[in-house]
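Thank you all for coming; I would like to spend a few minutes on one topic, the salt bridges. Please have a look at the model first, and then we will go through it together.

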Amino acid sequence: MTETRQTTPVVDAATAEFAGQIADQIESFLIALRAIAREADGGRGISLLLLEISQVSLAGARLGAQQDFTPIAEYQPDVGPEADLDEMRLALADLLGGLDTYAFVFDPYVPEVVESQLSDDLTSIATDLENGLRHYRLGNVYEALWWWQFSYVASWGNLAGAALNALLSVVAHDRLDADAPVEEEELLAVADEILDSADPESR
């Protein structure tokens, strides 16, 4: 019996260029997220997280606007174990402190308020993105694009949007000095303390 071998399809130039751009944006986000967690600078970290999530969300939107990518095989090829991001998650939780826990609506058409932690959600986003990046680096371009696109629609796109909104709320309260109900004063005091620790030139 002749063994059937699966051949990797040739990637056309336009797809290769698009995949390279997405991979660069994702790699930049992962490097920045680790650096923010490692530096543990709360005030500067909030602003940088807002910037980095905005940029990686653009990559997601570009993926969402594309035609559906199709994986080559029924099952994902083995690209080794996931990166251990638990240390980063704990560092982000420590950096965010009282701002880590937040609430958001996952699906605005089925409104249900969900409580979560920014550190968990940012780590989940990073895990999804890193999985696709491992496929890309091993030459599985279509698999990488399919995974990034699928996980964007199914998971990390929503989490990125929620995290972006939460961080923007922190910045808005600080910049606009918005009035808040008494029960929010303690939380906003935490936000002010974190943001006030930033370098004045970055504000």
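What follows is a short walk through the charged pairs and the helices that hold them.

Please keep in mind that this is a predicted model. How many salt bridges does the structure hold? There are 4 of them, and as background, side chains of opposite charge can pair when their charged atoms come close.

Let me begin with Glu27 and Arg137, whose side chains meet in a salt bridge at 2.9 Å from N to O. Glu27 belongs to helix α1, which covers residues 13-39, and Arg137 to helix α4, residues 118-137, so this pair ties together parts that are 110 residues apart in sequence. As for their surroundings, Glu27 is partly exposed, with a relative accessibility of 31%, whereas Arg137, at 53%, counts as exposed.

Helix α4 also takes part in the next pair, in which Arg89 forms a salt bridge with Asp120, with 3.6 Å between the closest N and O atoms. Here Arg89 sits in helix α3, residues 86-96, and Asp120 in helix α4, so that distant parts of the chain, 31 residues apart, are linked. Arg89 is partly exposed at 25% relative accessible area, and Asp120 is partly exposed at 32%. Arg89 and Asp120 are also linked with Asp86 in a network of salt bridges.

Finally, within helix α4, the side chains of Glu130 and Arg134 meet in a salt bridge at 3.0 Å, N to O. These two residues are 4 apart in the helix, which means that about one helical turn separates them. Are they buried or exposed? Both Glu130 and Arg134 are buried.

Technical notes:
Residues are numbered from 1 along each chain as its sequence is written. This is a predicted model: local features need pLDDT of at least 70, side-chain atom pairs count only at pLDDT 80 or more; totals for chains, interfaces and linings use all residues. Side-chain values use heavy atoms; hydrogens and water are left out. Buried means under 20% relative accessible area, exposed over 50%, partly exposed in between (1.4 Å probe, protein chains only).
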